[in-house]
Amino acid sequence: MEMLTIGAFARASRLSPKALRLYDELELLRPARVDPDTGYRYYAPEQLEQARLVAWLRRLGMPLAGIREVCALEPAAAAREIRAFWARVESETATRRDLAAFLVDHLSRTAPSDRSDPSFPGNPSEDTTMLELRYSALSDTGLVRPANQDTAYAGTRVLAVADGFGSGGAPASCAAVEALKFLDSEPLPAGSVLNLLEDAVQGATQAVQEVAGPTNEIGTTLTAMVWTGSQLALVHIGDSRAYLLRDGGLFRITHDHTMIQSMLDEGRLTPEEATVHPQRALLLKALTGGGGSAPAPALDVRLHDALVGDRYLLCSDGLSAVVPEATIRDTLAAAPGPDEAAQALVGAANDSGGPDNVSCVVADLVNAESQ
Ligand code: MN
């Protein structure tokens, strides 16, 4: 087999010699032979394909470790890795897109020059100030677990569900929710939603770290919504969920931070396989102890436009893991009010064996005068 000099290989692969030397240093593409005397690099013609692949993967933005891994795989396995990489990129971008939309929306609403103009798109209309929440919170041990480590809470502004895990799971979930209650007890200062949410997120993170201590084996999920008077701000980490029932349709408005959800996103698993996967409860992110050793995980934060007639459900996985979404939808839709809805949903989980603690918070957005 005839070896190519770096110059000839560069021309054949349409990469610069500089790029080829970089790939060598980064251990992405090693020359087939390096002359021990001159240090000249020589390449085999069959390395052309891999050189092109490395170049394309770098253009794709794949990290070096990923490129090394892909280059070592058979084409079918390499294709799966690239698909999985791209799914992760899209999911991270989606989170940042939500955050960008949140900031654009927030700043549009708080811009002083726009505020005086009620026709400005994005300004809350007059009647939204008359909206309020009707709510109910219910948490149940279920039929199997010895204790309830969930915490459910609903107030005039704050709706929250937290699912504690580990030996101190109950204090952890309780601490996370307690840290949000200040939002219920004081008037929300105008234009400071960002600060309040940041305080809430920081407070919950710290409170859980304090009760859980140095171990990340103890922690909690947290899914909460804060009514600002015109919108709902969503704060979420873990696998508890928030749903919206609107016009008869049920929409999940949170993304599970679970291994299974990532595998679904990356196309490594079908929804059917996911429902029976042995590790379906494995969390990728949660509020835990062990603070200081690692940066606190980022919570999803989002503003959600609410409409009169919306019915919201926050629930722990004790409901969503055992009750099909069609049943959740029908049960939510059939209940006359939040109390009945929460009771019926907890009942449905226990009718399905009640294998886990189950918590449901249900809230309706109504006109304040419709008592
Ligand atoms: Mn649970």
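Trainee: Let's start with the three-stranded open sheet: in what order do its strands run?
Mentor: Happy to begin there, keeping in mind that this is a predicted model. The pairing in this open sheet is antiparallel. Its edge strands, each pairing on one side only, are β1 (4-5) and β2 (33-34). The order is therefore β1-β3-β2.

Trainee: Which residue of β3 stands opposite T5?
Mentor: Look at β1 and strand β3 (residues 41-43), which run antiparallel and are joined by two bridges. Opposite T5 in β3 stands Y42.

Trainee: And the sheet of five strands, which are its edge strands?
Mentor: This one is also an open sheet with antiparallel pairing, in the order β4-β15-β14-β10-β11. From one strand to the next, the twist averages 20°. An edge strand here pairs on one side only, and the two are β4 (131-140) and β11 (249-252).

Trainee: Which residue in β11 stands opposite L244?
Mentor: Strand β10 (residues 241-246) runs antiparallel to β11, and four bridges join them. The residue in β11 that faces L244 is F251.

Trainee: Now the metal: which residues coordinate the manganese ion?
Mentor: Good place to go next. The donor residues are spaced D-x153-D-x38-D in sequence. Their OD atoms sit at 2.1 to 2.2 Å from the ion, and the residues are D163, D317 and D356.

Trainee: How many residues apart in sequence are the parts that D317 and D356 tie together?
Mentor: D317 belongs to helix α12 (residues 317-320), whereas D356 is in the loop between α14 (338-351) and β15 (358-367). The pair therefore ties together parts whose separation in sequence is 39 residues.

Trainee: Is D356 buried or exposed?
Mentor: Buried means under 20% relative accessible area. D317, at 16%, counts as buried. With a relative accessible area of 12%, D356 is also on that side of the cut-off, so the word is buried.

Trainee: Turning to the largest pocket, which element gives the most to its lining?
Mentor: The space in the largest pocket is about 970 Å³. Its lining has 38 residues, and those nearest the centre are T95, H257, K285, A298 and D300. Elements that give two or more residues are α5 (75-110), α9 (193-212), β9 (231-237), α10 (259-265) and β13 (300-305). With 11 residues, the element that gives the most is α5.

Trainee: How many nonpolar residues does the lining of the largest pocket have?
Mentor: Split the lining by class: 11 residues are polar and 11 are charged. The nonpolar residues number 16.

How values were computed
Residues are numbered from 1 along each chain as its sequence is written. This is a predicted model: local features need pLDDT of at least 70, side-chain atom pairs count only at pLDDT 80 or more; totals for chains, interfaces and linings use all residues. Side-chain values use heavy atoms; hydrogens and water are left out. Donors are N, O and S atoms within 2.8 Å of the metal (3.2 Å for Na, K and Ca); water is not among the atoms, so sites may look incomplete. Buried means under 20% relative accessible area, exposed over 50%, partly exposed in between (1.4 Å probe, protein chains only). On a 1 Å grid over the protein atoms alone, a cavity is a set of points where a 1.4 Å probe fits but cannot get out, and a pocket is an open set with protein on both sides within 12 Å along at least five of seven lines; lining residues have an atom within 4 Å of a point. Grid points are joined across faces, edges and corners, and a volume is the space filled by probe spheres set on the points. Ala, Val, Leu, Ile, Met, Phe, Trp, Tyr, Cys and Pro count as nonpolar, Asp, Glu, Lys and Arg as charged, and the others, Gly among them, as polar. Two strands pair if DSSP finds at least two bridges between them. Axes are lines fitted to C-alpha atoms, for helices over the stretch in contact, and angles run from 0 to 180 degrees between N-to-C directions.
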